[in-house]
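The exercises below take a reader through one structure, each with a task and a worked solution. Please look at the sequence and the model before starting.

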Amino acid sequence: MATVTADRAKLGDLDNDSLIIRLHFTINHLSRWLTPIHDPIRLVRTVRLGEPSAKDLLLAMRDEELRVFPLLHLISVQNNPDLDKLPPVGRDPVREARDRDASPLEVMAEFRRLRQSTCSLLRSLPDDAWKRTGISRREHDWTIRALAERLAAHDERRLRAMDEALDRVGARDGIAPASRVHFDELLKLVPTGTRR
């Protein structure tokens, strides 16, 4: 499990409601950071070759959501489903071309819609349902809780990288201080109710 910060609870210690709110807050963080940036070039370029741009990080977040949501849905509607029967989420030339042409804010909007579906599904489940399991021989078995933690950990890694990338390319120059708040400061706003 990923540590939030030295003085914060681990993702595995958060109660289900706090974990859902944390997943919702990812959308808020992205909106706070990206919508005030009016020069899209700063969101698609990097300072160093090989570093991910803000758009690359958004695409990675969207792709992770595309991988995890079908698993969550199947586990929530079937008893011990075979997760290996789900079609793999891959990158095809049509999607890659569409992603290349999409603006960062379009990618963010797509991610927002997917994340809202994920959070809606999680909110609809009683706490006991978070222990439901899906079976996979390709990876390993997953519970709804473990998948939600996986998303939150992935968010944390990508948001930290985006925070740094936005600073490096100067995307935050000239925007309001509220839109320049760094990730560790934003984490202080997220509830941290712990599991009993």
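**Exercise 1. Place N80 and describe its surroundings and backbone.**

Solution. Begin with the position in the chain: N80 is found in the loop between α3 and α4 (93-101), where helices (H or I, at least four residues) and strands (E, at least two) are DSSP runs numbered from the N terminus. Next comes the accessibility: N80 is exposed, with a relative accessible area of 55%, given that buried means under 20%, exposed over 50% and partly exposed in between, with a 1.4 Å probe and protein chains only. Last comes the backbone, where phi of N80 is near 45°, a positive value in a residue other than glycine.

The model is a predicted one, in which local features need pLDDT of at least 70 and side-chain atom pairs count only at pLDDT 80 or more, while totals for chains, interfaces and linings use all residues. Residues are numbered from 1 along each chain as its sequence is written, and side-chain values use heavy atoms, with hydrogens and water left out.

**Exercise 2. Describe the chain as a whole.**

Solution. First list the elements: the protein chain has seven helices and two strands, and their order along the sequence is α-α-α-α-α-β-β-α-α. Then consider the extent, which for the C-alpha trace is about 50 × 45 × 25 Å along the principal axes. The radius of gyration, taken over C-alpha atoms, is compared with a globule rule of 2.2 Å times the number of residues to the power 0.38; for 196 residues a compact globule would have a value near 16 Å, and the 17 Å of the protein chain agrees with that. Finally, buried residues make up 45% of the 196 residues.

**Exercise 3. Work out how α3 and α6 are arranged.**

Solution. Helix α3 covers residues 54-77 and helix α6 covers residues 144-168, and the two pack at an angle of about 175° with their axes 10 Å apart. Here axes are lines fitted to C-alpha atoms, for helices over the stretch in contact, and angles run from 0 to 180 degrees between N-to-C directions. Angles under 35 degrees count as roughly parallel, over 145 as roughly antiparallel, 65 to 115 as roughly perpendicular and the rest as oblique, so α3 is roughly antiparallel to α6. The residues of this contact divide into 16 nonpolar, two polar and six charged; Ala, Val, Leu, Ile, Met, Phe, Trp, Tyr, Cys and Pro count as nonpolar, Asp, Glu, Lys and Arg as charged, and the others, Gly among them, as polar.

**Exercise 4. Compare sequence separation with distance in space for two pairs.**

Solution. Start with R138, which is found in the loop between β1 (133-134) and β2 (142-143) and is exposed, with a relative accessible area of 60%. From R138 to L83 there are 55 residues in sequence, and the C-alpha to C-alpha distance is 8.9 Å. The second pair joins R138 to L186, with their positions 48 residues apart in sequence and 36 Å in space, C-alpha to C-alpha. L186 lies in helix α7 and, at 1% relative accessibility, counts as buried.

**Exercise 5. Locate I75 and state whether this residue is buried or exposed.**

Solution. I75 is found in helix α3, and its relative accessibility of 0% makes it count as buried. Within the sequence, I75 and M61 are 14 residues apart, and in space they are 21 Å apart, C-alpha to C-alpha.
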